[in-house]
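Please walk through this protein with me, from the overall picture down to single side chains.

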Amino acid sequence: MKNNRTNRLGWFLKINMAIVFFMTIASCNEDILELTPLDRISEEAVFVDEVFLTNYVNGNYRGIRPHFTPDAGGYVGLTDIGIFQDTQLQYGNAAIAYRNGNMTADLVDEFTLNLYANSYNFINRINTFFEKTEGSTEVDADRLRVLTGESTFQRAYIYFELLRHFGGVPLLTNTVQLEDADTTPVSRNTYDEVAQFILTELDKAANLLDGEDMPTGRANKGAALALKARMLLYMASPLNNPSNDISKWQAAAAAHEAVFAEGYSLHGDFEEIFHEPIKTDEVIFGREYTGANGTESIAFGLAWGYNYDFWPSGFDAQQKVMPTQRFVNMFQLTNGEYPYLDENFTVNPASGYDPQDPFVNRDPRFYATVLYPGAPVNINDGAKSTMRTYEYWEDANPDIPNENPTAVDPINGQQLFDFGRDSETYFDMGLTPFHWNVQTGYTYRKLLDFEGPRASTDYDYNHVTPWIRLGEMYLNYAEIQLALGDEDKAREYINKIRNRASVNMPPITASGDELVAIYRKERAVELVLEDQRFFDLNRWKAGPGNMDINPVNGLSSVTRDWSDGGKFNFTYGPVNTQRAAWPGDYYYLLPIPRDEVNRSNGGIVQNPGYN
């Protein structure tokens, strides 16, 4: 794969051209399409011209759901490792309803940002590509082969997303004209039928793209093989394999081994994976940020980078999504011990952990992932650029004058920075605060670009979105080996992750249920914010005690006493108690949108548990 910024920019320019083209086509009637217009591109021209056809395929990559939707961090705020802020309209009513066990067929479109209908719009576009190019002699055969491989991958990925959200869905491989959409009969295919279609399509895509050196952000053979491997893992998981058919786990193992044979390797620096240039040694399918494709976060119709929602104090001084204390506790100390023995904050005596000095000697991934009180970070917020520690605390003794004579207020340049007053005062002054309403006391550091401003629609952030990377594949393979009973092989692949040069954590030696529990924590630590945890808990059928974690613990109080040299004092406990009990197994799938069920005239049967 080429790591070529020119290729990347060119690709997104082509995407924009394709979008403009389809806006033009949509406004044309049949008579106009029969002409050869000078100010627009005819449909016939698109499918016989290599440049236009490439633009068409480029535009269809937008059918692949970004990690960030439906809102900050995707669904992580609905799991045990994240919590979202529901004040000041940070999250919509649908996400709150899901968290409270009240998801319905009327709310699911809002919850997923119309994933169902949008997916079928792109599936129809891709089906049009196949129909219009079948037997084509106008486009160079090799070029058409590559574009066909990309389109085959795109359609498979879109169906994969539909499958893990809704279960079996209508499998449409022919175009449906707009005027026929409401009268064309459709019915749901089974989960296995859709899954098998995806596997077949990904085999085709891998063959068509074999040997191609694709620009970053576009499908290649490795991406097709990796998505196939992930699909087989989902098929073997408890949600979709209730009888625990071992042959499904064996098929998943073989598929992952095929990915390993492609020669990918773990990138040495964990934090660098999420910043440009894209690390093609590990990232199998990913995208670099540009203003043209800035769908990591969208607010008020504007596209932003990850900074908009994860920046300390976030939008309007309201953190959108935060790590929970449970997630923070998943990071071991560098001696390989967890800080606590249980959820009741019983300190693990073997760890050497001190709850009043909690952020020393932790797994290096912790410092690349979480911002915590006292964390040093370089923050550039427009005119307010400074080197500071991440500030989230209240002043233990705000009335003591000259409490910190060496501190200089980085905003107003004055001495005696009073940490007990600056958040609200600065907010009222229209300046960005850095510890205002951070519910758990922690924020995410992973993915942030501190060299750029908090939120800008024209800044070229260094964000990278890795849809699939080797780190995930190794963890998938460890899970598969656990299911197959090969604990040695499972430990080997977990330890590959822990042996990354910038991580270098002690090897895992546990076995049995303890090994499974450690694996699941390791997966959360490594893959947080990569669109995994929500779906992992669903496919494991592990909702109770995780999706409904209640209460959510965090830093319930943080003070800093400057009369004692600026010493921190931490209190741990509940910060949110609003999550409802797990509604039942039906919640492992989302409902089909009610409009789609009604439009099918009985052809689409709703998922059980929803009316």
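How much area does the protein expose, and what share of it do carbon and sulfur atoms supply? The protein exposes about 23,800 Å², and carbon and sulfur atoms supply 50% of it; accessible areas come from the Shrake-Rupley method with a 1.4 Å probe, and for residues only the protein chains shown count as cover.

This is a predicted model, in which local features need pLDDT of at least 70 and side-chain atom pairs count only at pLDDT 80 or more, while totals for chains, interfaces and linings use all residues. Residues are numbered from 1 along each chain as its sequence is written, and side-chain values use heavy atoms, leaving out hydrogens and water.

The protein has 20 helices and 13 strands; these are DSSP runs numbered from the N terminus, with at least four residues for a helix (H or I) and at least two for a strand (E). Of its 611 residues, 57% are buried, where buried means under 20% relative accessible area, exposed over 50%, and partly exposed in between (1.4 Å probe, protein chains only).

Arg-469 lies in strand E11, residues 464–469. Arg-469 counts as buried because its relative accessible area is 1%. Its contacts (heavy atoms within 4.5 Å) beyond four places away in sequence include Phe-270, Glu-282, Arg-500 and Glu-530.

Charged side chains also meet rings. Arg-164 lies over the face of Phe-535, 3.8 Å from the ring centre, and Lys-521 lies over the face of Tyr-338 at 4.2 Å. The rule asks for NZ of Lys or CZ of Arg within 6 Å of the ring centre and within 35 degrees of the ring normal.
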